[in-house]
Each structure stands twice: as structure tokens, then as C-alpha cells.
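Here are my notes on the model you passed along. I've kept them as numbered points so you can check each one against the coordinates.

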Amino acid sequence: LHALSDGVLGELTRAGSEIAAGRARSLGDVAWKPERFGRTLFQIGTPDRTAREFRHGDDFWHWGLYYQYATEFPHDVDFTVGKSDPRRDWNYAQPPRIDPDTNRVTPTTWRIQYTLPATANGRATLRLAFAGAREGCSVTVGLNGKSLGETGPLPSTGPMHRDQIRGYWFERDPTFDAAQLTPGENVFTLTSAAKNWTEGVLYDCIRLELDESVR
């Protein structure tokens, strides 16, 4: 049994609910307490399993829209939490830079700038919710010039090159020592190491959570 709700990050998953063919079965009240890794420090996007609220998210059904990325974001996405506008400053997809004549690609790195008001302690989790990806895609996450790890191969649904804003939803949650965050400006990086023009990822929501009870 799976259940989801717009505005809620994650999904309810319950195994063991066997239902025989031609029969009904009451599960009674099913309580869902969405998973949290701590309090929210920042969030980009709205959990709804689409890239609708980002740039081109309301006008995406155009062949080759991803070819415009290099012109619209000549220095890649550089998003400042609390100042940037997701509708304008966060693209619906993270494609590679694509040469329109040869289809040669260059990987892209997106930046998230976040100002932390005070020292953080405990365990931090950067929740990466994806609205879709392509076979061969992965994202490497960095913080202030140091690696936080890599997502590994992502499931393939190919929404970008099929001119869509949603595919198969999934989440990856790199965790790290919150002491790696510094008081003041911090810079997260998301590098999509695409190797061909179809290898783009679409984000649903990105949320940084902090659990100060973990030492």
C-alpha cells in the first residue's frame, strides 16, 4: 500500500496487505507519520512529484526546451535561499550543456547558497526528491568545496527529453555532520555528470533538515 499527498515530502509505504482476487479487505485506520530527519533549515520547491513550480514548469511541452538551458543559464543555476525565485531562477530540469550542432555535452553544476545564522550541531540531511531522471544519471553533492557523496545510478523514466515535468518519483538523502555547515554563507553544489543529451534530472523538492539530538 502506497499513499501520498501534495505538499508532503515522502510517501506512506505499508507491506503485507494481501488482498485475494475478487475479495475486499478493510485495513481500518492507517496512520501515516511522514518521515522527518529534523527541523527544516531551507526548502526549494513544493513536494508534489512534479517540477511544475520551477522555470518552464507551466509551459514545458516544447520539443528541445533543454537546448535553451545554456542560453538562459550561462553560468548554471546559482540559487540563493531567501532571495532567488524558484519560478525564475531554478530550471525545470538539470540538463547537460548541449551543443546544438554536434549534441556534444558538458556536465553542469548547480549552486545553492544558504546563510546559516549560527553554528549547527548534530546530523544534517539534504533531502533530494526527484521528479524523474534518465538511465545513466547520477548527482554528486558538495558542500563548501567538499564532497558529501553521490546518489548512485538513478531510476530511468526519461521525462526531460520527452518534454515532461514528471516521471517516476524517488528520493535520495545524503547525511553529514552538521559541523560541516559554517555560520554565514554555505554553498551546496549539485553536479549532474551527464554523458549524452538525454541525461537530465528533474527535481521535485530539495530540503535541508537538521537533527540536533544526534551527536
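The points below go through the sheet, the other strand pairs, the core, the aromatic rings and two backbone oddities.

1. First, the caveat: this is a predicted model. Please read everything that follows with that in mind.

2. Start with the open sheet. Five strands make it up, in the order S4-S7-S13-S9-S10, and the pairing is mixed. Strand S4 (78-80) and strand S10 (146-150) are the edges, each pairing on one side only. From one strand to the next, the twist averages 20°.

3. Now the individual pairings in that sheet. S4 and S7 run parallel and are joined by three bridges; Phe 79 has Ile 112 in S7 as its bridge partner. S7 and S13 run antiparallel, with nine bridges between them, and here Leu 116 stands opposite Gly 184 in S13. On the other side of the order, strand S9 (residues 139-143) pairs with strand S13 (residues 184-192) in the antiparallel sense over five bridges. Look for Thr 140 there, whose bridge partner in S13 is Thr 191.

4. Strand S14 deserves its own point. S14 pairs with S3 in the antiparallel sense over five bridges, with Thr 40 opposite Glu 209. S14 also pairs with S8, again antiparallel, over nine bridges; in that pairing, Ala 129 has Cys 205 as its bridge partner. How much of S14 is buried? The count is 10 of its 10 residues.

5. On to the core. The largest nonpolar core has 47 residues, and those touching the most other members are Trp 90, Leu 181, Phe 188, Leu 190, Ile 206 and Leu 208. At least two core residues come from each of strand S3 (39-44), strand S7 (108-116), strand S8 (123-132), S9, S13 and strand S14 (202-211). That fits the general picture, as nonpolar side chains in soluble globular proteins tend to be buried together.

6. If you want one residue to centre the view on, try Leu 181. Leaving out residues up to four places away in sequence, Leu 181 touches Leu 41, Leu 116, Ala 120, Ala 124, Leu 143, Phe 176, Asn 186, Phe 188 and Leu 208.

7. The rings are worth a look too. There are 16 aromatic pairs in the structure. One of them, Trp 90 with Tyr 203, is edge-to-face, at 5.8 Å centre to centre with 70° between the planes. This pair links distant parts of the chain: Trp 90 is in the loop between helix H2 (86-89) and strand S5 (97-98), Tyr 203 is in strand S14, and the two are 113 residues apart. Both Trp 90 and Tyr 203 are buried. They also belong to one aromatic cluster, whose members include Phe 54, Tyr 69, Phe 73, Phe 79, Trp 110 and Phe 130.

8. A separate ring contact: the charged end of Arg 49 sits over the ring of Trp 169, 4.0 Å from the ring centre.

9. Last, the backbone. Most residues other than glycine have a negative phi. Which residues here go the other way? His 56, in the loop between S3 and helix H1 (69-72), has a positive phi near 75°. Asp 163, in the loop between S10 and strand S11 (170-172), has a positive phi of about 60°. Are these two buried or exposed? His 56 is buried because its relative accessible area is 17%, under the 20% cut-off. Asp 163, at 11% relative accessibility, counts as buried as well.

Note on methods:
Residues are numbered from 1 along each chain as its sequence is written. This is a predicted model: local features need pLDDT of at least 70, side-chain atom pairs count only at pLDDT 80 or more; totals for chains, interfaces and linings use all residues. Side-chain values use heavy atoms; hydrogens and water are left out. Two strands pair if DSSP finds at least two bridges between them. Helices (H or I, at least four residues) and strands (E, at least two) are DSSP runs, numbered from the N terminus. Axes are lines fitted to C-alpha atoms, for helices over the stretch in contact, and angles run from 0 to 180 degrees between N-to-C directions. A nonpolar core is a set of buried Ala, Val, Leu, Ile, Met, Phe, Trp, Tyr and Cys residues joined through side-chain atoms within 4.5 Å. Buried means under 20% relative accessible area, exposed over 50%, partly exposed in between (1.4 Å probe, protein chains only). Contact means heavy atoms within 4.5 Å. Rings of Phe, Tyr and Trp (its six-membered ring) pair if their centres lie within 6.5 Å; planes under 30 degrees apart count as stacked, over 60 as edge-to-face and the rest as tilted. A charge sits over a ring if NZ of Lys or CZ of Arg is within 6 Å of the ring centre and within 35 degrees of the ring normal.
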